[in-house]
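Welcome! Below is a short set of exercises to help you find your way around a structure you have not met before. Try each task yourself, then follow the solution.

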Amino acid sequence: MALTYRSFSRRRFLGGSAVAVTAGALGMPFVHTARAQAATFKAGVITSLSGENILGGNLTKRGYDLWADTVNEKGGVEVAGERFKVEMFYGDDQSNPATGADAAERLIVQNEVDVLFGPYTSGSTIAVQPICQKYQVPMISGSAESPNVWKAKPEFNFGIIPSVDTTSGLSLGVLAKLSNPAAKTVAVIGVNEPFSKETGEGFRDGVEAAGLELVAYELVPPEGDLTPVISKIAALNPDVVAVGGHEEPLINVVKTSKSLNFRPKALIMHYGVTNPAFAEALGADADGTTGVAVWLPTVPYKDDVFGTAQEFTAMAQKKSGVEPDYTEAGCAASGLVLGDALKRLGKKPALTPEDRVALKDAIAETDIQTFYGPIKFEKEGNHYHDNIQPVPVLIQIQGGKTVAVGPKEAAAAPFTYPLPAWK
Amino acid sequence: MDLFLQTLLNGLLIGGVIATFTIAFQLTFGVLHVIDFAVGGWVVLGGYLGYYIVAGLGLDGFVAIPVAFVLFGAIGYLIGPILYNVRNSRTARPELMALALTFGLFTLLRGGMLTAWGFNTRTVATALSGESLMVGPVTVPLIRVAAALFAVMIAGGLFVFLYRTRYGLAIRATAENRHNAALMGVNIRRLSANVYGLYAGITAMAGVLMGAIYSVNPESGLRYTLFAFFVAVLAGLGSVGGAVVAALLLGVVEAYVATYVGSSYSLLAIFATLFLVLLISPRGILRRGL
């Protein structure tokens, strides 16, 4: 018995050794090839590729990928007269900030990325920031909009989209000015999660400056049913209802309002409305919904990589089949910031830890014009490292399409106000 | 007073909606002794079926309800014996193995839907979507009424089936004592397959309604699983009648707290209710749980 076991073991050992030696020998050329190809910049994307924010997560991924693909087609990022391709690595935060931090650490330690592209949600962005700080790896966030991201004064994180407190309050003012007869009262609903809550707070804080009166401010849990809160607001009959949330709660606000036969004179939401999936899910019921955008395919900006905003739109649409919104544009523009900073830095891959810190300093000095608009990061104050250059535009869904309705100089169509009753 | 009545109605209807996907969940626990984590997956599958029937065939969302029962009932019938085998295997802690299996099934369903249908949020259009009726000062959303009626019909139907038919007697006997039922000639294996099929079919039907009331995407399943579990614990695991009462109670608590205290406290109130009921009556609200 013991003999059988030993001979079996020896055979296995010999067999195993033979396989290992053969595999090693076969593997060697590949190892060499891998080393020969190492001259690429490595960028890590952390975003929600599963979980409740999967829609937005994929939107950000599309934007980042579009830049990488476009720049790689041109031969790569230009540094000191040479071109280096960009290799993308992905980390899924599973719509959970803590998982996002783990994913970032994995990208930095295992994949040895030179730079990170930030998550879709502000919650994850806030969780990933300390990881960037710990490993001294710069991150460019093409999506995060919560002011809390920038209040923390993140040394290594940079934001492309203006913080929501600079946009949501202002947009209420624009709406109030456009409304005829003038809107007087407003009720605010905020979904109780980062970004959505701060959007709600932005609306709430902008009420006074807009010359309106706040009749209700409600924070709702993301899992909750909306009928109680909509009924309560309907009883107060405000002229304007403002909602801070991601796409799913926004869709449910419209559906619940309709099922309770309540339609305010104006319904304003922040992000999500500009995403074509919103209008697609709601069909005709989406019409009249107002939103805020910091970029539209019609803006008059351009750059060397994507061309004009219209050319960028056509490119993105060809790739994904849907019109890009401002988050996708912001993510693509993040790549432009990286490309510009790498060019100015003049260091070839792979970057050393010191190079990465220098890259962070180079990003901080960004001052460029892109298809997305001007990009320049704040150097102090509550919006530290955020790009607050873009001016918010009030948009409205009309006939299933997103059109700019205000301020007057940016308007492409008249603002529909008051909204007609539900059919 | 108008708002008070409206809130009561909202609460009862929220309860009715939750009850739709909880009733059959309870039946499965009663018979198979498995807490089916995949309940949210069946709900979402039903929702997608509704969406594709509306978007692809141009039919009304309600058409999807019987289709969902037949289609997912058949799939559930095939999965039932696997679950039964795991639950009655000779491994240590088969109840935990079964729980892990349903969790795996849920993950598989979620990932499969994500791969097959993408991540966009969809809704199911029905003849009653967005329609409402004014009764005095109260607005009655008709699609929710349809869901509540569906819950009542399913609960009533199950009651008649379980207490007035021979096969129902066999199910109850199995729930009470599997070994004795087998000795009396009940084919437990087939019965388990039938019950799981019935459950998957009913839950997917509820899913069509969820897609019409809210919206559907592959990630929304977890929410339904959690609520089904809350209601099941409050009702007493395995109690079908208790599920309806518990769902209504949770709905009314959620509605009143959201309206008069603040929406941000509604989940807190739900958990407090759950905690209190477990403290006072661990076998559930009607004291009929296992």
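**Exercise 1.** Find out how many helices and strands chain A has, and describe the extent of this chain.

*Solution.* Begin with the secondary structure of this predicted model: chain A holds 13 helices and 18 strands. Next, take the principal axes as a frame; the C-alpha atoms of chain A then fill a box of roughly 90 × 65 × 40 Å. Finally, turn to burial and contacts. Of the 423 residues in chain A, 58% are buried. Among contacts with a separation of 6 or more in chain A, 68% join residues 24 or more positions apart.

**Exercise 2.** Describe the surface of chain A and the placing of its charges.

*Solution.* Start with the area: chain A exposes about 17,000 Å², and carbon and sulfur atoms supply 54% of that. Then look at the charges. Chain A carries 38 positive and 47 negative ones, and the mean positions of the two groups are 6 Å apart.

**Exercise 3.** Decide whether helix α8 of chain A is largely enclosed or not, and give the reason.

*Solution.* First locate the helix, which spans residues 227-236 of chain A. Now apply the cut-off: a residue is buried when its relative accessible area is under 20%. The residues of α8(A) that pass are A:Thr227, A:Pro228, A:Val229, A:Ile230, A:Ser231, A:Lys232 and A:Ile233. That makes 7 of 10 residues buried, so helix α8 of chain A is largely enclosed by the rest of the structure. One last detail comes just after α8(A), where A:Asn237 takes a positive phi of about 45 degrees.

**Exercise 4.** Work out in what order the elements of chain B run, and why this chain can be called as compact as a globular protein of its length.

*Solution.* Count the elements: chain B has 12 helices and 2 strands. Read from the N terminus, they run α-α-α-α-α-β-β-α-α-α-α-α-α-α. Chain B has a radius of gyration of 19 Å, close to the 19 Å that the globule rule gives for 290 residues, so chain B is as compact as a globular protein of that length. Its C-alpha atoms fill a box of roughly 60 × 50 × 35 Å along the principal axes. Burial reaches 55% of the 290 residues in chain B.

**Exercise 5.** Describe the surface of chain B and its charged side chains.

*Solution.* The accessible surface of chain B is about 12,100 Å², with 71% belonging to carbon and sulfur atoms. As for charge, chain B has 16 positive and 8 negative side chains, and the centres of these two sets lie 15 Å apart.

**Exercise 6.** Say where B:Thr203 is placed, whether it is buried or exposed, and which residues it touches.

*Solution.* Step one: B:Thr203 belongs to helix α9 (residues 188-213) of chain B. Step two: its relative accessibility is 0%, so B:Thr203 counts as buried. Step three: a polar atom of the B:Thr203 side chain lies 2.7 Å from the backbone oxygen of B:Tyr199. Step four: setting aside residues up to four places away in sequence, B:Thr203 touches B:Phe21, B:Ala24, B:Val39, B:Trp42 and B:Val43.

**Exercise 7.** Do the same for B:Gly80: which helix holds this residue, and what is it in contact with?

*Solution.* B:Gly80 sits in helix α4 (residues 64-87) of chain B. With a relative accessible area of 0%, B:Gly80 is buried. Leaving aside neighbours within four places in sequence, B:Gly80 is in contact with B:Ala193 and B:Tyr196.

Methods. Residues are numbered from 1 along each chain as its sequence is written. Chains are lettered from A and ligands numbered from 1 in the order in which they are written. This is a predicted model: local features need pLDDT of at least 70, side-chain atom pairs count only at pLDDT 80 or more; totals for chains, interfaces and linings use all residues. Side-chain values use heavy atoms; hydrogens and water are left out. Helices (H or I, at least four residues) and strands (E, at least two) are DSSP runs, numbered from the N terminus. The radius of gyration is taken over C-alpha atoms; the globule rule is 2.2 Å times the number of residues to the power 0.38. Buried means under 20% relative accessible area, exposed over 50%, partly exposed in between (1.4 Å probe, protein chains only). Accessible areas come from the Shrake-Rupley method with a 1.4 Å probe; for residues, only the protein chains shown count as cover. Lys and Arg count as positive and Asp and Glu as negative; His and the chain ends are not counted. The place of a charge is taken as NZ of Lys, CZ of Arg, CG of Asp or CD of Glu. A polar contact is a pair of N or O atoms within 3.5 Å; within protein, one must be able to donate a hydrogen and the other to accept it, and residues adjacent in sequence count only if both atoms are side-chain atoms. Contact means heavy atoms within 4.5 Å.
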